[in-house]
Amino acid sequence: MERWSGRVAVVTGASAGIGAAIAQELVKKGLKVVGLARRVERVQELANTLKTASGKLYPLKCDVTKEEEVKEAFKWVKANLGGVDVLVNNAGVASDNTLSDGPVENWRKIYDLNVLALSMCTKEALQSMKEKGVDDGHIVHINSVAGHKVIDNASIYSSSKHAVTALTEGLRRELVNQKSKIRVTSVSPGAVKTEIGEASGFTPDILEELKDIPFMESEDIADAVLYVLGAPPHVQIHELTIKPVGEPF
């Protein structure tokens, strides 16, 4: 990770859970981390705990489902930090809505955040890397085990994460064709103890049922991201799947 010290990372959904853990660990490794979130005050609270770290956390308010806000965020990064070296697409939402029942409004929310926002941030990061002259940058998509199987009663969420799997491979091929050394990785966690259930509007019954399964901690996924970034420049970890011991699905 020493080669990333002093360089710039953007982490989406940095206000809680996996995103906050990733931002924190990158700052500790000496990176300048821009934490994007709607609840920017929570990113600021995290930044206040990291003042003695070798890197720095820059809280930036941004709703990544809104194209103009995404563009403005990356303009800020260029103007203030010179551009992007690493992007971690972490922001996401789940749902227990089914294809037969809907509602369609929830489907749009899932696709807007899990697929379109991820794609918009990726596009802006790649443009920033090219303008900066970065050819060893890295884009990390926080995917899910649902990106490789269908989770019962979550076909819309599963399909959104399958899209992330396809987008990872699609971008890898684009970069190969461009003879670029920028890497892209999908990190697919199983169950992680975060606020995503509550934020996604899971019913109390489902939340209660989930309490009985084994969970990982957000820090476990942050460690995986450090592992991915720390691989030698000629090595691309294309897919990394992580499950808690005993996960039943």
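Two strands pair if DSSP finds at least two bridges between them. Helices (H or I, at least four residues) and strands (E, at least two) are DSSP runs, numbered from the N terminus. The model is predicted, so local features need pLDDT of at least 70 and side-chain atom pairs pLDDT 80 or more, while totals for chains, interfaces and linings use all residues. Residues are numbered from 1 along each chain as its sequence is written, and side-chain values use heavy atoms, with hydrogens and water left out.

**Exercise 1. Find the strands that pair with E4, and say how they run.**

Step 1: Start with strand E1 (residues 8–12), which is joined to E4 by 3 bridges and runs parallel to E4. Here alanine 9 stands opposite valine 86.

Step 2: Turn to E5, which has 4 bridges to E4, again parallel. Leucine 87 has isoleucine 139 in E5 as its bridge partner.

Step 3: Follow the chain from E4 through helix H4 (residues 104–132) to E5: this β-α-β unit is right-handed. Right-handed means that, with the strands pointing away from the viewer, the path from the first strand over the helix to the second runs clockwise.

Step 4: Look at the side chains of E4. Val86 and Val88 point one way, Leu87 and Asn89 the other way, and all are buried. (Buried means under 20% relative accessible area, exposed over 50%, partly exposed in between, with a 1.4 Å probe and protein chains only.)

**Exercise 2. Check whether the span of helix H8 agrees with its number of residues.**

Step 1: The expected span is 1.5 Å times one less than the number of residues.

Step 2: For the 12 residues of H8 (residues 218–229), this gives 16 Å.

Step 3: The end C-alpha atoms are 17 Å apart, which agrees.

**Exercise 3. Trace the network of salt bridges that holds Arg7.**

Step 1: Recall the cut-off: a side-chain nitrogen of Lys or Arg lies within 4 Å of a carboxyl oxygen of Asp or Glu.

Step 2: Aspartate 136 meets arginine 7, with the closest N and O atoms 2.7 Å apart. Aspartate 136 is in the loop between H4 and E5 and arginine 7 in the segment before E1, so the pair ties together parts 129 residues apart in sequence.

Step 3: Compare accessibility: arginine 7 is buried at 17%, whereas aspartate 136 is partly exposed at 28%.

Step 4: Add the salt bridge of aspartate 85 and lysine 132 (2.7 Å, N to O). Aspartate 85 is buried at 2%, and lysine 132 is partly exposed at 32%.

Step 5: Put the pieces together: Arg7, Asp85, Lys132 and Asp136 form one linked network.
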